[in-house]
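Visitor: I am new to this structure and would like a close look at a single part of it. Please take me through that part slowly.

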Amino acid sequence: MKASIGPTAGFVAICLASCAQISSSPPSTDPAVAALPPISNAPGTKILEAIAAPNPADKLAKATLPEIAAALAAGDVSSEDMVAAYLARIETIDRSGPTLQSVLSINPNALADAKAADAARAEGNLIGPLHGVPVLLKDNIETRDPLPTTAGALALKDNYVDRDAPLTAGLRAAGAIILGKTNLSQWANFRSTTSISGWSALGGQVRNPHMLDRTPCGSSSGSGAAAAAALAAATIGTETNGSVICPSAMNGIVGFKPTVGLVPQTGIVPISSTQDTAGPMTRSVRGAAMMLTAMVQGPEPTDFAAPLDAGFLSGKRVGILRFAEGDNPDVSEQFANALGTLEAQGVILVEIDTLALPDTFGKDEFAVLMAEFKETVNAYLADAAPAVTTRTLTDLIAFNEAHADIELTLFDQDILTMSDAQPPLTDDAYLSALETILTAARAEGIDKLRADYDVDLLVAPTLGPAFMVDAVHGDVSRRGIGAGYIAAIAGYPHITVPMGMVKGLPIGLSFIGTAGQDGDVLNAGYAFEQATLAIVEPAFLPNAEGVDTIHRAMRPYQED
């Protein structure tokens, strides 16, 4: 049976929809959500019955992945209970109540897979460290489960490929249960220069669970919101330039972007052969390390979780990227506190004020991404499921024009059009641009800073607090905070961990390393996390006036 997708404004229905009789939250007033059909029962899954029944895993659903894995291993909870608990949370948080719209589709085999995992455990057949742990994949990652891989696009709604991406196979081999797919910025936010992060034609607009009118950031927006709202034990995102890091920071979770190439990119709807990578998005650094261990393929498996050490940073030299601090005083205050925490851990902090980049750096990177997108997406579409009729980027552009009422209402597809006009990857202009940006980000960028200042790692605020979702102007954010773009273009590892809150919105702290330094970057994030425990539960505020101090300030003055 094929799982259904949604929601969008009256378009494709979704497997999990609003069911007032089993929801602890008020029925949604959103007409698009209210019009959705009830939960469909795939044969053998009995989803409705599982959600309606008392579930001992309800409280554990908000725990970290390592805690959930430990509870499963100890027999304190079953995988079936965990899947049912997350389905209930998706029902009451994602489909009704706050209506995050972060989960695009549900695996109809999830409960059956969980029961099988429980039976295997009872017989002493342990699959791996993620045995029975429910996870969500971003919906540009392939799975052999009866779920389409859509990139949020109407053109790929029937892209049932019946194969696992290598990272999906790795998670499955470690025992993970594929719970479903998360919503995303359509085509991983590489469709329009005026796009809205977190919007897709099939899934609608993802909401930030901390403040619902604020961006969840793209393109792994659904993965970030779902992880923050505890709709799975962990999620997977993908990044080309900030799309794991930004949604992790703005949703208040841990996000890790590994060295490009560490996680295989086969079976993922692509943008760039130079910059694309998948990465874990979780509620703890150890959870991210456990996920990464399963995602990485190779003849000699690496355990990224075992070496984690809360004392790792003692004696390390860390470069402070002051040029990436920006001008938000609230962010600077939190950053100063974080640096104080690092000093208390024995870190030797080194000031770095500038990084010289070529004048054409941004222009060259965009040219590289467009050329690589044309090449890679054409290859992906040519090998898509038989039901997919768009086989080239040219076909995709024409398809969107033919379905403009669904695809082009909010913003255009100028990036697709510009990409389709790019020369092949043998072109001298492309090769020159690629050399320029890689040299600037690597040898003359991160590696030069590490060498010149004799530092082990680099640190900076990840980004500012989430900006508002704006269907009129598209994404509008204050720039100047963060250095994630350098790590993304270099293809180097980068972690963001929660640093604090600014007016009800989470912000993150970034550690960046060089190629292959994934273990050190994870360890730095872990040491900071253990010293601060700064993760904050989402409040699902409707807007900034849900913050008490802001609410009072927005009202006329009154004498006490």
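Which residues make up helix α10, and how many of the residues of helix α10 are buried?

Guide: Before turning to the helix, please note that this is a predicted model, in which local features need pLDDT of at least 70 and side-chain atom pairs count only at pLDDT 80 or more, while totals for chains, interfaces and linings use all residues. Residues are numbered from 1 along each chain as its sequence is written, and side-chain values use heavy atoms, with hydrogens and water left out.

As for the setting, the protein has 19 helices and 13 strands, where helices (H or I, at least four residues) and strands (E, at least two) are DSSP runs numbered from the N terminus. Of its 560 residues, 59% are buried, a word that stands for under 20% relative accessible area, with exposed meaning over 50% and partly exposed lying in between (1.4 Å probe, protein chains only).

Helix α10 covers residues 285-295, and 9 of its 11 residues are buried, so this helix is largely enclosed by the rest of the structure. The buried ones are V285, G287, A288, A289, M290, M291, L292, A294 and M295. At the start of α10, the backbone nitrogen of G287 has a side-chain oxygen of S284 within 3.0 Å, which falls under the definition of a polar contact (a pair of N or O atoms within 3.5 Å; within protein, one must be able to donate a hydrogen and the other to accept it, and residues adjacent in sequence count only if both atoms are side-chain atoms).

One partner of this helix is α18 (residues 518-532), and the axes of the two come within 9 Å and cross at roughly 155 degrees. That crossing makes α10 roughly antiparallel to α18; here axes are lines fitted to C-alpha atoms, for helices over the stretch in contact, with angles from 0 to 180 degrees between N-to-C directions, and angles under 35 degrees count as roughly parallel, over 145 as roughly antiparallel, 65 to 115 as roughly perpendicular and the rest as oblique.

On the α10 side, V285, R286, A289 and L292 meet L522, G525, Y526 and E529 of α18, contact meaning heavy atoms within 4.5 Å. The residues of this contact divide into 5 nonpolar, 1 polar and 2 charged, with Ala, Val, Leu, Ile, Met, Phe, Trp, Tyr, Cys and Pro counted as nonpolar, Asp, Glu, Lys and Arg as charged, and the others, Gly among them, as polar. V285, A289 and L292 thus appear both among the buried residues of α10 and in the contact with α18.
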